[in-house]
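Welcome! Take a moment to look over the structure shown here, and then read on for a short guided tour.

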Amino acid sequence: MALLARSLRIVLAALLAIQPELVETARAQEAAAQAASLPVADEEAYKPVDKDERGLWMDTEEGERQLKASQQVIRDPALNAYVRKVLCNLVGPGKCASIRLYIVRTPDFNASMAVNGAMVVYSGLLLRTQNEAQLAAVLGHEYTHFAGHHGLRMFRQVKEKSAAAAWLAFTGIGLIASFSMAASLFSYSRDMEREADSGGLALMAAAGYDTREASKVWEQLRAEMDATAAVRNTKSRKDKNGGIFATHPPTAERVANLAQMATANPGVAGATGLDSYSAAMGHWWPVFFDDQLKRNDLGASDYLLAALAQQGWSPWLLYARGELYRRRALGNDIADAEKFYSQGIEAGGELPELWRGRGLARLKLERPEDGKTDLNEYLRRSPDAVDKAMIAMMAGETR
Amino acid sequence: MKKRNLLLAALVLASLPAAPALAGWKLVPHAKPITVAKGTLTVTPDADWNRWSVRPIKKGEVWTLDGTGLNEVYFVSGLIVGETLYRDADKKNRPLPTLTKGMALTDIPEFFESSNRIALNTSLFTVTGVEPAKMGERDAVKFNYEYAVEGSPLKRRGTAIGSLSGGVLYLISYSAPATHFYEQNRAKAEAIMASAHY
Ligand SMILES: [Zn+2]
């Protein structure tokens, strides 16, 4: 049984790492008052009550030490400062100071907050939230789980009910390859999810955001899942609870509840923080999107590009779209890709890879001279490219 | 069992095909030509290697000197349009890319990168060099890469050669931990690649 409890702890530690020392700020208390279902967090630092919980704490802290050393963590000070600023706006400077924030390079939509106050934000989330208010909605949601000790409560429940089942699942081949997969083993209860949604929305309102953006996060996810399914010719998984959304199913019920809460507590209409968000993400979106486009999910990737292009198709967005279609290479994809690269170049794009992509596409479209001209232009603009030797060969051959 | 070991075990299990209980290794003697991956790809190693009895895909084969964690060579022989580089283990949620019609040599590193990112569940994968090469008499592409599996502090490096003939893919890749091990056995892997023909 000790072994079972220990393995359970391991899974849970990876999943959430519950945190004790939560002290409510005035702002969050205000939010809590508005959201009747939000429990008031312990004023005193939480003390693990038994051996299993002490083990959970230790594993959580060990997990954080490993995360800290991971190559996955994005250490860019500007990006970290921005996300932290949004978090501090929500929870107030006092509590914010004790939260450790880790932005990790993972293309999934996810964020979590551990029992010890370590918050993990996936780059795939930053690619999907379309403005600061939407990011705030997710951060506020996770913070509410933390403030309500949801992780600890879940640990206790699971420990009583299904340690054996957890153990079996954990030892099953391939079930836990990453945080996101570990997360699929357990999920917060529906009540906890409702609390987190309402608590997060209250924090948003108190911080002066337009709370209508909260439901849009989940609506967008549903639309993205539809887009994935449409291209793969499968059934949309938006109403399934499996996979990476196991912890946070983007159900129609959630969308409707959040929309209703927003009507009751609108925050500041129109305050989406779009400009500050775009400014903070501008440098990173191409990197995050590159991770996304290599996932072989054209439907979702195209959906996300269109979302990013709401203010217009910039050259890098057109480049990204060209890459997406050139790499899939089915049906008319290569011809479409060629068109997108051309539009990017016409729009004043200066990214050398615009010419690389168009050149490679044109070679396949049996326009060898045009293709070689483009590839030479790529090499002129990017003389130190990692693939210069290969491209030079293609730009010169059968001359 | 230590947590790290457990997690590591889970990672390894997740990234390899489900191994039958009696998976084993067989010696591949040096200096003898040998046909690999149940196809026409033939190599002549300059050192003794070990071949895994488990095939990640029907047209794939894994060799190692002293454990795949330390050094691994992966062969693919005769992959055709519609097939994947590794076993498509989670086809519903995370399908691997398939070989497409009209692929060019420059598409091979992209196909390899995308397949590995999905199979290894990582975004920390970078192609660091791409150059023209030969596999026997045929045109080929040689490329280098490095990657880390999520949550692991360990960086791995690799080098690979790929060739296409009539839209059919032949590929050999070598990977090892970036520190020490990669360089230690790179020459032995390069010797395999230099001897390859199909
Ligand atoms: Zn939640």
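The notes below cover a strand with its two partners and then a pair of packed helices.

Please keep in mind that this is a predicted model. A good place to begin is strand 3 of chain A, residues 118-122, where five of five residues are buried.

**Strand 3 and its two faces**
- In a regular strand, side chains alternate between the two faces of the sheet.
- In strand 3 of chain A, Ala118(A), Val120(A) and Tyr122(A) point one way, while Met119(A) and Val121(A) point the other way.
- Residues on both sides of strand 3 of chain A are buried.

**The strands that pair with strand 3**
- Strand 1 of chain A, residues 100-104, pairs with strand 3 of chain A in the parallel sense, over five bridges.
- Within strand 3 of chain A, Met119(A) is the residue opposite Leu101(A).
- Strand 2 of chain A, residues 111-113, runs antiparallel to strand 3 of chain A, and three bridges join them.
- Met119(A) in strand 3 of chain A is also the bridge partner of Met113(A).
- The hairpin of strands 2 and 3 of chain A has four residues between the strands, and Gly117(A) takes a positive phi near 90° there.

**Two helices that cross**
- Helix 7 (residues 132-147) and helix 11 (residues 212-232) of chain A pack at about 85°, with their axes 8 Å apart.
- Because of that angle, helix 7 of chain A is roughly perpendicular to helix 11 of chain A.
- Helix 7 of chain A makes the contact through Ala133(A), Gln134(A), Ala137(A) and Val138(A).
- From helix 11 of chain A come Glu213(A), Ala214(A), Lys216(A), Val217(A) and Gln220(A).
- The residues of this contact divide into five nonpolar, two polar and two charged.

Methods:
Residues numbered from 1 in each chain as written. Chains lettered and ligands numbered in written order. Predicted model: local features only at pLDDT ≥ 70, side-chain atom pairs only at ≥ 80, totals over all residues. Heavy atoms only, no water. Axes fitted to C-alpha atoms, helices over the stretch in contact; angles between N-to-C directions. Parallel < 35°, antiparallel > 145°, perpendicular 65-115°, else oblique. Contact = heavy atoms within 4.5 Å. Nonpolar A, V, L, I, M, F, W, Y, C, P; charged D, E, K, R; others polar. Buried < 20%, exposed > 50% of the residue type's maximum accessible area, 1.4 Å probe, protein only. Pairing = 2+ DSSP bridges.
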